[in-house]
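Q: I'm new here, so please take me through this one feature at a time.
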Amino acid sequence: MIRVPKWLKRTNRIPVKKHGIALAMFDEDAVSAVRRLQKAGFEAYVVGGAVRDLLLDIVPKDFDISTNATPTEVRRLFRRSRIIGRRFQIVHLYFYRGKKMRIIEVTTFRADGDEVISDENSGRILQDNLFGSASDDAVRRDFTCNALFYEPTTENIIDYTGGYDDIRRGRLRLIGAPAIRFRQDPVRLLRALRLGVKLNLTISQATQKTFALYAPLLTAITTSRLFDEFAKIINSGASANIIQRCAECGITDHILPAVSSGGDFFMNALKKADLRHQSGKDISLSFIIAALFWMPVRCRWLALQQEGMLSVAAMEQALEAANFPANNIVPRRVVARAVDLYFLVARFVGKVTLRRTRGVLRNPLFDRAIAFGTLCGGDIEPEVVQWWSDYQLAGDDERKTMIATKNPGTPNR
Ligand code: ATP
Ligand code: MG
């Protein structure tokens, strides 16, 4: 159990005059949900990432609520809500704005206490559904900057862990000792690296030094949780730097060894993803996964073509030889999409007929394959990718001419 030092539990109320975040910056639905809980006699706050992000001048992704009402009590107060039982029970509130549906998560204050069921040997938390007070809930959170509570009626921020000062000083500080907190839940290592890089917060040298030590514990985490974290990194807008840091700390060797062989190609795909994020575009996880495993696949694919094999057949054999999809944290559906992308890219190469091009153009992954082909540099001749890109935009007559000139001497059908 975490013994929380008394000083850590000292409440600090930060008035709006000092923190400067206007009530209007908070999501209306979240504020009204907090008020409804308070009216029913419960304690309730906006917590976590939203308060942190607003203090850092970042627009929050979502607004979570924490309360002393139990999941059943919350459920009773909100008609459009549902109890979700993942690692611990939370309530989803559904809000509709026009046709758009939004979800606000409500969690009940939890405590890390003696009753927490944890693995004797590893210290890992296996189940924690023990309810507690607001201050218990604050100290069981991962970092001080994530443990701030906002109370919309008084507009105070309530700070039990010194998170406000840490944010103002640009620090990401773990709540409690690394030996306890990282062993309890090694995913906090990934969260530390992601939040540190993304929010430009500094992690103390002493904590950073422990990363390599606890990284092997990540192998005990379920692949679905690890992939969720990976997806968060990819969608962070700072994925290239975060993955780079994870690799330096030896973390990726344990959970995604392919990163070390992904090379510049993978890094360039991440940089592209970060640029897409900046311009508000979606990032395809299967594209990133295709980029991650491209190097070994590519070598075989090119070698087999040199031996005279046709592109698509060479791709098939290359994927088999590279043992793709090998055992890893990537869910099967994402792997399947990555494989579809490889095959489409393979279909860019070689002789074209009107019928074949129709199939390629109709493929919903076409634009993605063009982007992938562009990233491939010399592996696929740039002219080939450009040809397909132009072909997509061309009219019927122009297409016929393009096919005739790409395959001189071959009939169009
Ligand atoms: P973001 O949503 O921007 O990725 P976040 O901090 O909101 O960051 P969530 O995964 O939404 O992250 O988690 C919400 C809150 O739950 C966090 O702010 C933190 O207080 C707490 N939390 C999440 N994961 C852990 C963990 N592994 N250990 C302890 N507390 C956690
Ligand atoms: Mg969040």
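A: Let's begin with the labels. Helices (H or I, at least four residues) and strands (E, at least two) are DSSP runs, and they are numbered from the N terminus. Keep in mind that this is a predicted model.

Q: Let me try a loop, then. Where does Asp 57 sit?
A: Asp 57 belongs to the loop that runs between helix H3 (49–55) and strand E3 (64–67). Its backbone deserves a look: Asp 57 isn't a glycine, yet its phi is positive, about 65 degrees.

Q: Is Asp 57 buried or exposed?
A: The idea is to compare the relative accessible area with a cut-off, and over 50% counts as exposed. Asp 57 has 74%, so it is exposed.

Q: Which loop holds Glu 155?
A: Glu 155 is found between strand E9 (148–151) and strand E10 (156–159). Glu 155 also has a positive phi without being a glycine, with a value near 65 degrees. As for accessibility, Glu 155 comes out at 23%, so it counts as partly exposed.

Q: On to helices. What should I check in H14?
A: Here's the general idea: an α-helix has 3.6 residues a turn, so residues three or four places apart point the same way. Now the case. H14 has a kink of about 85 degrees, centred on Asp 264. Its end C-alpha atoms are only 26 Å apart, while a straight helix of 21 residues would span 30 Å. Just after H14 comes Gly 280, with a positive phi near 75 degrees.

Q: Which residues of H14 are buried?
A: Ten names to find: Ala 258, Val 259, Gly 262, Phe 265, Phe 266, Met 267, Ala 269, Leu 270, Ala 273 and Asp 274. Their cover includes H11, H12, H13, H15, helix H16 (294–306) and H20.

Q: What about Trp 301 in H16, buried or exposed?
A: Trp 301 sits in helix H16. Its relative accessible area is 0%, so Trp 301 is buried. You can also look along the chain: Val 312 is eleven residues away from Trp 301, and their C-alpha atoms are 8.9 Å apart.

Q: Next, empty space. How many cavities of 30 Å³ or more are there?
A: Rolling a probe the size of a water molecule over the atoms shows where empty space is left. In this model, one cavity of 30 Å³ or more is counted. The largest cavity holds about 80 Å³.

Q: What lines the largest cavity?
A: Among its lining residues are Leu 190, Leu 226, Phe 230, Cys 246, Thr 252 and Ile 329. Sorted by class, the lining has ten nonpolar residues, one polar and one charged. Helix H11 (223–234), helix H12 (239–248) and helix H13 (251–255) each give at least two residues, and H11 gives the most, with four.

Q: And pockets? What is the volume of the second largest one?
A: The second largest pocket has a volume of about 300 Å³. Its lining is made of 14 residues, and nearest its centre lie Arg 276, Asp 282, Phe 287, Arg 368 and Ala 371. The elements that give two or more residues to this lining are helix H14 (258–278), helix H15 (285–292) and helix H20 (366–375).

Q: Which helix gives the most to that pocket?
A: That's H14, with five residues, the helix with the kink centred on Asp 264. By class, the pocket lining has seven nonpolar residues, one polar and six charged.

Notes. Residues are numbered from 1 along each chain as its sequence is written. Chains are lettered from A and ligands numbered from 1 in the order in which they are written. This is a predicted model: local features need pLDDT of at least 70, side-chain atom pairs count only at pLDDT 80 or more; totals for chains, interfaces and linings use all residues. Side-chain values use heavy atoms; hydrogens and water are left out. On a 1 Å grid over the protein atoms alone, a cavity is a set of points where a 1.4 Å probe fits but cannot get out, and a pocket is an open set with protein on both sides within 12 Å along at least five of seven lines; lining residues have an atom within 4 Å of a point. Grid points are joined across faces, edges and corners, and a volume is the space filled by probe spheres set on the points. Ala, Val, Leu, Ile, Met, Phe, Trp, Tyr, Cys and Pro count as nonpolar, Asp, Glu, Lys and Arg as charged, and the others, Gly among them, as polar. The expected span of a helix is 1.5 Å times one less than its number of residues. The bend at a residue is the angle between axes fitted to the seven residues ending there and the seven starting there. Buried means under 20% relative accessible area, exposed over 50%, partly exposed in between (1.4 Å probe, protein chains only). Contact means heavy atoms within 4.5 Å.
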